[in-house]
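Visitor: Could you take me through one part of this structure up close? I'd like to know what surrounds it and how it ties in with the rest.

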Amino acid sequence: MDKVNVLIAHYFGSPADADVIASVDSRVDVVYAPYVDAGALEFMRSYRGGDVKAVEEDTGEFHRRVGEAEVIFGTGLPENILKLAPKLKWVHAYAAGVDSLAGTGLLENNGVTLTSSKGINGPPIAEFCLMFMLMNEKDMVKRIGAQARREWTRYSNGLLAGKTVGVIGLGTIGSSVAQCAAACDMRVLAARRTYVAGEGIPNVDQVFPSHRLNDMLAECDYVVVAVSLTGETRGMIGRAQFDAMKPGAFFINVSRGEVVDEAALLDALKSGRLSGAALDVFTQEPLPDDSEFWGLPNVIVTPHNTGGLDDYNDRATWFFCENLRRYLGGQPLESTIDPVKGY
């Protein structure tokens with residue numbers, strides 16, 4: 001095999017990642033040249049306190065190098081990436097989802113293999129979901145507020161054990177949520193696209209096919225959305241689904257904002273149909289200052305960060321290296337994405 005040119009195009013790492021990837025095999029030539037657009041800069045400012053000058057200066061290097069790339073390890077890419085990189089054969093997405101690649105042509109049948117880092121974020125996001133459920137049962141938002149006001153106020157305690165959680169999507173994240181919930185003696189229901197009657201799934205008491213989603217929602221004290229954003233899932237949780245939910249249910253979204261009709265969600269929260277929500281993702285990010293979600297007392301807002309492991313970059317680089325070994329050896333790649341389905 002000739003030299004394989006690998007371009008690290010994501011902006012979360014450093015040139016040191018190139019050395020790690022190059023150590024996989026002597027046939028690998030690696031360049032760190034991140035692609036940064038306006039959305040990426042905004043995202044980085046939320047992590048780096050506005051200091052993105054060095055990354056901005058690297059952007060031109062991406063355009064100088066991308067033409068030779070056979071493999072790209074990246075996140076968002078230019079819409080004309082297929083023209084910029086005529087030698088491209090494989091793109092590995094830095095994140096679990098690939099919706100950031102919409103409009104590039106990579107989510108079409110074009111001969112370029114697409115994989116992602118799905119799997120890394122399952123356990124940490126599941127822990128956040130468990131934390132949100134516990135916070136709701138133990139009235140932690142009120143308790144923290146009472147502490148800030150120096151008030152000695154007691155609250156009654158709920159219990160997760162015996163409650164029912166419905167998980168929408170049983171990928172790595174959904175399966176991890178099911179595992180955490182089962183460990184707390186919760187009843188676990190799940191809805192998934194692929195359904196086999198009578199199929200047993202670890203930590204899940206009952207599986208519902210997608211067309212019976214509303215039946216599942218009617219039984220749930222907690223609902224966790226953990227699907228990928230695709231044409232099929234965009235807007236899948238709307239007024240009909242909120243109306244179908246058990247009165248007083250608590251809603252958790254760790255998927256993508258576009259999966260949920262946010263106007264319908266606001267109505268369900270303000271009317272009391274839902275007891276509350278924990279939202280890590282929104283249709284518009286960062287969440288605008290004037291969004292009603294900020295001020296609702298029964299809503300917990302986190303900034304699309306439930307999977308923000310402090311060593312995520314190391315884990316993602318290791319994951320890519322393992323796939324690169326497979327690529328070099330002519331073996332099937334892990335975590336492949338169907339470009340048409342988007343997952």
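Guide: Let's start with E70 and its surroundings, then move outward to other spots worth a look.

First, the ground rules. This is a predicted model, so local features need pLDDT of at least 70 and side-chain atom pairs count only at pLDDT 80 or more, while totals for chains, interfaces and linings use all residues. Residues are numbered from 1 along each chain as its sequence is written, and side-chain values use heavy atoms, with hydrogens and water left out.

E70 sits in the loop between α3 (53-65) and β3 (71-74); helices (H or I, at least four residues) and strands (E, at least two) are DSSP runs, numbered from the N terminus. E70 is buried but has no salt bridge, and K89, the nearest side chain of opposite charge, is 4.1 Å away. Buried here means under 20% relative accessible area, exposed means over 50%, and partly exposed is in between (1.4 Å probe, protein chains only). A salt bridge needs a side-chain nitrogen of Lys or Arg within 4 Å of a carboxyl oxygen of Asp or Glu. For charge, Lys and Arg count as positive and Asp and Glu as negative, with His and the chain ends not counted.

What E70 does have is a polar contact, side chain to side chain, with Y327 at 2.5 Å. That term covers a pair of N or O atoms within 3.5 Å; within protein, one must be able to donate a hydrogen and the other to accept it, and residues adjacent in sequence count only if both atoms are side-chain atoms. Setting aside residues up to four places away in sequence, E70 touches K3, V4, N5, K87, L88, K89, W90 and Y327, where contact means heavy atoms within 4.5 Å.

K87, one of those neighbours, has a salt bridge of its own: its side chain meets that of E68 at 2.7 Å, N to O. That pair links distant parts of the chain, with E68 in the loop between α3 and β3, K87 in the loop between α4 (81-84) and β4 (90-93), and their positions 19 residues apart. E68 is partly exposed at 44% relative accessible area, and K87 is partly exposed too, at 45%.

W90 is another neighbour of E70, and it leads to N323. N323 is in helix α11 (residues 312-328) and is buried, with a relative accessible area of 0%. Leaving aside neighbours within four places in sequence, N323 is in contact with W90, H92, T115, L333 and E334. Also in α11, R325 forms a salt bridge with E322, their closest N and O atoms being 2.6 Å apart. R325 and E322 are three residues apart in that helix, so about one helical turn separates them. R325 is partly exposed, at 40%, and E322 is partly exposed at 32%.

Back on α3, R65 has a salt bridge with E61, with 2.8 Å between the closest N and O atoms. Both lie in that helix, four residues apart, about one turn. R65 counts as partly exposed at 41%, as does E61 at 22%.

Now for E285, in the loop between β11 (274-279) and β12 (299-301). E285 is partly exposed, at 38% relative accessibility. Its side chain reaches the backbone nitrogen of F282 at 2.8 Å, and a polar contact of 2.8 Å joins the side chains of E285 and H304. The peptide bond from E285 to P286 is cis, with omega about -5°.

Finally, helix α10 (residues 262-271) has E262, A264, L265, L266, A268 and L269 as its buried residues. Their cover includes α9 (239-244), β10 (249-253), β11 and β12. D261 caps the N-terminal end of α10, with a side-chain oxygen 3.1 Å from the backbone nitrogen of A263. Just after the helix, G272 takes a positive phi of about 90°.

As for the whole protein, there are eleven helices and twelve strands. Buried residues make up 48% of the 343 residues, and the structure holds 17 salt bridges.
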